[in-house]
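Reader: Please walk me through the terms used for this model. I want the reasoning behind each label.

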Amino acid sequence: MTKYKFPFLAAILALACALPSAAAPKAARLSASALADAEWDFLKTAVQDKKEDVQELALPQLEDWLARNPEHFKAEEAQFLKAGLHFKLGDYKFALVDLLKYFQAYPQGASLEDAKKLFIE
């Protein structure tokens, strides 16, 4: 008699636990900047989606990405998109806070004129 009550399920669980370790070498080959770039591409697409529920789901992910990548070359754009997304979703207080963060962190930013227009709205 086997020591497991459901040997089939135990075998599937063992196989499932082995799969991530087999995939790890491919994931390890990605550099941190390549991973951040791929995440950014995904988030930018999600934020620009026309569906409000997709935008709502993308917002916390965008915040996490900014927290993990404050020095990334797309961090400026991410901060501006975050402010714009808050504005689109009706979170005006958070939009203003994010715009103020943008003005403080990027006083000569590429989206400065757009940020000023959004701030005035």
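**Helix labels, checked**

Author: Just after H4, Gly 90 has a positive phi of about 85°. The model is predicted.

Reader: How do you know that the span of H4 is close to the expected one?

Author: Helix H4 covers residues 75-88, 14 residues in total. Its first and last C-alpha atoms lie 20 Å apart. At 1.5 Å a residue, 20 Å is expected. The two values agree closely.

Reader: Why is H4 called largely enclosed by the rest of the structure?

Author: Buried means under 20% relative accessible area. Eleven of the 14 residues of H4 are buried, so the label follows. Among them are Ala 75, Phe 80, Leu 81, Gly 84 and Leu 85. Glu 76, Lys 82 and His 86 are buried too.

Reader: Which helices do the buried residues of H4 pack against?

Author: They pack against helix H2 (32-47), helix H3 (52-68), H5 and H6.

Reader: Why is H5 called roughly antiparallel to H6?

Author: Helix H5 (residues 92-105) packs on helix H6 (residues 112-120) at an angle of about 150°. The axes are 10 Å apart. Angles over 145 degrees count as roughly antiparallel, so H5 and H6 get that label. The crossing of H5 past H6 is left-handed.

Reader: What makes up the contact of H5 with H6?

Author: From H5 come Leu 96, Leu 99, Leu 100, Tyr 102 and Phe 103. They meet Leu 112, Ala 115, Lys 116, Leu 118 and Phe 119 in H6. By class, nine residues are nonpolar, none polar and one charged. Lys counts as charged.

Technical notes:
Residues are numbered from 1 along each chain as its sequence is written. This is a predicted model: local features need pLDDT of at least 70, side-chain atom pairs count only at pLDDT 80 or more; totals for chains, interfaces and linings use all residues. Side-chain values use heavy atoms; hydrogens and water are left out. Axes are lines fitted to C-alpha atoms, for helices over the stretch in contact, and angles run from 0 to 180 degrees between N-to-C directions. Helices (H or I, at least four residues) and strands (E, at least two) are DSSP runs, numbered from the N terminus. Angles under 35 degrees count as roughly parallel, over 145 as roughly antiparallel, 65 to 115 as roughly perpendicular and the rest as oblique. A crossing is left-handed if the near helix is turned anticlockwise from the far one by less than a right angle, and right-handed if clockwise. Contact means heavy atoms within 4.5 Å. The expected span of a helix is 1.5 Å times one less than its number of residues. Buried means under 20% relative accessible area, exposed over 50%, partly exposed in between (1.4 Å probe, protein chains only).
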